[in-house]
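Colleague: Could you give me a close look at one connecting segment of this model and follow it into the elements on either side? Please set out the criteria behind each term as you go.

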Amino acid sequence: MRPRVAWPTGTWIGFLVGGSIPDGLQLGFAVPLMFLALLIPSIRDRAGLVAALVGGAVTILAGEAPANTGLLIGAACGIAAGMMVKR
């Protein structure tokens with residue numbers, strides 16, 4: 001989608017669908033969705049796909065890690081998995 005079309009389209013989708021988001025979901029759920037939207041177009045090969053899947057899975061599993069380090073652990077595991085596939 002062209003940049004001139006993506007912004008207004010996304011705004012209208014948010015306007016139309018935003019009211020159906022449950023009250024239990026706070027604004028914090030938007031940050032992972034934003035990263036997901038940035039991640040998907042950057043997956044270009046098998047190593048990138050493996051890195052994204054492993055990193056995401058480990059981040060979810062390590063969500064209760066002390067000092068909120070689950071994201072860092074997931075990122076490190078994803079990078080390592082992607083590098084192993086690349087070799």
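**The loop between helix 3 and helix 4**

Modeller: N68 is placed in the loop between helix 3 and helix 4, where helices are DSSP runs of H or I with at least four residues, strands are runs of E with at least two, and both are numbered from the N terminus. The model is a predicted one, so local features need a pLDDT of at least 70 and side-chain atom pairs count only at pLDDT 80 or more, while totals for chains, interfaces and linings use all residues. Residues are numbered from 1 along each chain as its sequence is written, and side-chain values use heavy atoms, with hydrogens and water left out.

N68 has a positive phi of about 55° although it is not a glycine. A67 belongs to the loop between helix 3 (46–61) and helix 4 (70–86) as well, and its phi, near 60°, is again positive in a residue other than glycine. A67 is exposed at a relative accessible area of 75%, and N68 counts as exposed at 69%; exposed means over 50% relative accessible area, buried under 20% and partly exposed in between, with a 1.4 Å probe and protein chains only. T69 is also part of this loop, but with 25% relative accessibility T69 is partly exposed.

From T69 one can look back towards helix 3. The C-alpha atoms of T69 and T59 are 8.8 Å apart, with their positions ten residues apart along the chain. T59 lies in helix 3 and is partly exposed, at 23% relative accessibility. Its C-alpha atom is 7.8 Å from that of L72, a residue 13 places away in sequence.

Helix 3 precedes the loop. Its 16 residues should span 22 Å at 1.5 Å a residue, and the end C-alpha atoms are indeed 22 Å apart; the expected span is 1.5 Å times one less than the number of residues. A47, A52 and G55 are the buried residues of helix 3. They lie on the same side of helix 3, because they cover an arc of only 135° around the axis, the arc being that of the directions from the helix axis to the C-beta atoms. The face turned away from this buried side carries the exposed residues R46, L53, I60 and L61.

Helix 4 follows the loop. With 17 residues at 1.5 Å each, helix 4 should span 24 Å, which agrees with the 24 Å between its end C-alpha atoms. Its buried residues include G70, G74, G78, A81 and G82. Seen down the axis, the buried residues of helix 4 fall within an arc of 100°, so they line one face of the helix. An α-helix has 3.6 residues a turn, so residues three or four places apart point the same way. L72, I79, M84 and K86 are exposed on the other side of helix 4.

K86 also takes part in a salt bridge with D45, in which the closest N and O atoms are 3.2 Å apart. K86 is in helix 4 and D45 in the loop between helix 2 and helix 3, so the pair ties together parts that are 41 residues apart in sequence. A salt bridge here is a side-chain nitrogen of Lys or Arg within 4 Å of a carboxyl oxygen of Asp or Glu, and the structure holds one. K86 is exposed at 60% relative accessible area, whereas D45 is partly exposed at 37%.

The two flanking helices also contribute to the largest pocket. Helix 2 (30–39), helix 3 and helix 4 each supply at least two residues of its lining, and helix 3 gives the most, with six. The lining comprises 16 residues, of which F35, L39, G56, T59 and L71 lie nearest the centre of the pocket. A pocket is an open set of points on a 1 Å grid over the protein atoms alone, where a 1.4 Å probe fits, with protein on both sides within 12 Å along at least five of seven lines; lining residues have an atom within 4 Å of a point. About 600 Å³ of space lies in this pocket, the volume being the space filled by probe spheres set on points joined across faces, edges and corners. The lining holds eleven nonpolar residues, five polar and no charged ones; Ala, Val, Leu, Ile, Met, Phe, Trp, Tyr, Cys and Pro count as nonpolar, Asp, Glu, Lys and Arg as charged, and the others, Gly among them, as polar.
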